[in-house]
Amino acid sequence: MEITVISAQGLKNKSSGPFSHRLRPFITITTYPSITSCNGDKKGGIYSTRIDDQGGMNPTWGDKFFVPIDTAFLANRYSCIYLELYTKRLVMGRVLLGWCQIPVTDIGFPPEGSVMHLSYRIRARDGTRGQGIVNLAIKLTGFPLAGSQMLSDSNHQKAPQTSHTVIGIPVTVFSHWNFCQ
C-alpha cells in the first residue's frame with residue numbers, strides 16, 4: 001500500500017512555554033495489527049514524515065511511504081492504519097499533538113492503482129475531538145483486481161467504483177494508552 005501524507009490544517013499549539021512558540025509537526029504511521037512474515041518477523045514498522053519547519057499550523061509534507069500489507073490485513077475488519085501527529089520541541093523532544101485511526105473498512109478494495117483521498121480529524125490524547133485535520137492519499141499496489149474482487153465478494157461487500165468522502169470516526173479497537181506503551 002502506498003500512503004502519501006499530504007498535509008494537515010488547523011493545528012493548534014497546545015503549549016505556551018518559552019521554547020514552544022513554534023510548531024514543528026511531523027506524523028508517524030503504523031499498522032494495527034502489525035504485519036508479520038511467515039517466519040514470524042515483523043514486516044511493518046513505524047514510518048515518519050520529515051519535520052515541517054515552515055508550515056506551522058498548516059504543514060505540508062507530500063511524503064510517500066510503501067507500507068507492506070497482505071490480504072489478511074485487508075480482510076480483517078479490525079485492521080487499521082494508526083497516525084500520530086507530533087511536534088518537535090527544542091527542550092522536551094517530541095510532544096504528541098494528536099492521533100487518528102483509519103479503519104481498513106474506509107479503504108475498501110479500490111481498483112488497482114486508483115488513489116483515494118482521505119481526510120481525518122485529529123483526536124486528542126484521550127480520544128476527544130482535537131484540533132486539526134490530516135489529509136492523505138492511499139493507493140493499493142501489488143494486489144491484482146481479481147484478488148480484490150474475490151476478497152470483496154467474500155465479505156459480501158461490493159467493490160467501490162469511484163472515490164468517496166469518508167468521515168473518520170474513532171473506533172475503539174485498542175486502548176490508546178496501551179498501544180503507545
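How many contacts beyond four places in sequence does the model have for residues 172-181, over which pLDDT stays under 50? The model has 19 such contacts for residues 172-181, and since this is a predicted model, that number is best taken together with the confidence scores. Another stretch, residues 145-161, also stays under 50 in pLDDT, and for it the model has 19 contacts beyond four places in sequence. Where pLDDT is low, the predicted coordinates should not be read in detail. Over the whole protein the average pLDDT is 78, with 69% of the residues scoring at least 70. Among the elements, strand S1, residues 2-9, has the highest mean pLDDT, at 96, whereas helix H3, residues 145-154, has the lowest, at 43.

With that caution in place, the overall architecture can be set out. The protein has four helices and eight strands, and read from the N terminus its elements follow the order β-β-β-β-α-β-β-α-β-β-α-α. Of the 181 residues in the protein, 43% are buried, and the exposed surface comes to about 9,900 Å², of which carbon and sulfur atoms supply 55%. If one takes the contacts between residues at least 6 apart in sequence, 66% of them join residues at least 24 apart.

One example of a link across the sequence is found among the aromatic side chains, for which the count comes to three pairs. The rings of phenylalanine 26 and tyrosine 86 have centres 5.5 Å apart and planes at an angle of 20°, and because planes under 30 degrees apart count as stacked, this pair is stacked. Phenylalanine 26 belongs to strand S2 and tyrosine 86 to strand S5, so the pair ties together parts that lie 60 residues apart in sequence. Both partners are covered: phenylalanine 26 is buried with a relative accessible area of 8%, and tyrosine 86 is buried at 7% relative accessibility.

Strand S2 (25-32) also leads to a feature of the backbone, as the loop between this strand and strand S3 (47-48) holds proline 33. The peptide bond that joins tyrosine 32 and proline 33 is cis, with omega at about -5°. Most peptide bonds, by contrast, are trans.

Tyrosine 32 and proline 33 appear again in the surroundings of serine 79, which touches Tyr32, Pro33, Phe73, Ile102, Pro103 and Val104 when residues up to four places away in sequence are not counted. Serine 79 is located in the loop between helix H1 (71-75) and strand S5 (80-89), and its relative accessibility of 2% places it among the buried residues. What does the side chain of serine 79 reach at 2.9 Å? The partner is the backbone oxygen of phenylalanine 73.

The cysteines complete the picture, and the structure holds zero disulfides. Cysteine 80 is in no disulfide, and the nearest cysteine sulfur, which belongs to cysteine 100, is 9.7 Å away; a disulfide would require the two sulfur atoms to lie within 2.5 Å. Cysteine 100 is likewise in no disulfide, with the sulfur of cysteine 80 as its nearest cysteine sulfur. Are these two residues buried or exposed? Cysteine 80 counts as buried at 2% relative accessibility, and cysteine 100 counts as buried at 3%.

Conventions. Residues are numbered from 1 along each chain as its sequence is written. This is a predicted model: local features need pLDDT of at least 70, side-chain atom pairs count only at pLDDT 80 or more; totals for chains, interfaces and linings use all residues. Side-chain values use heavy atoms; hydrogens and water are left out. Helices (H or I, at least four residues) and strands (E, at least two) are DSSP runs, numbered from the N terminus. Buried means under 20% relative accessible area, exposed over 50%, partly exposed in between (1.4 Å probe, protein chains only). Contact means heavy atoms within 4.5 Å. Accessible areas come from the Shrake-Rupley method with a 1.4 Å probe; for residues, only the protein chains shown count as cover. pLDDT is the predictor's confidence in each residue, from 0 to 100. A polar contact is a pair of N or O atoms within 3.5 Å; within protein, one must be able to donate a hydrogen and the other to accept it, and residues adjacent in sequence count only if both atoms are side-chain atoms. Rings of Phe, Tyr and Trp (its six-membered ring) pair if their centres lie within 6.5 Å; planes under 30 degrees apart count as stacked, over 60 as edge-to-face and the rest as tilted.
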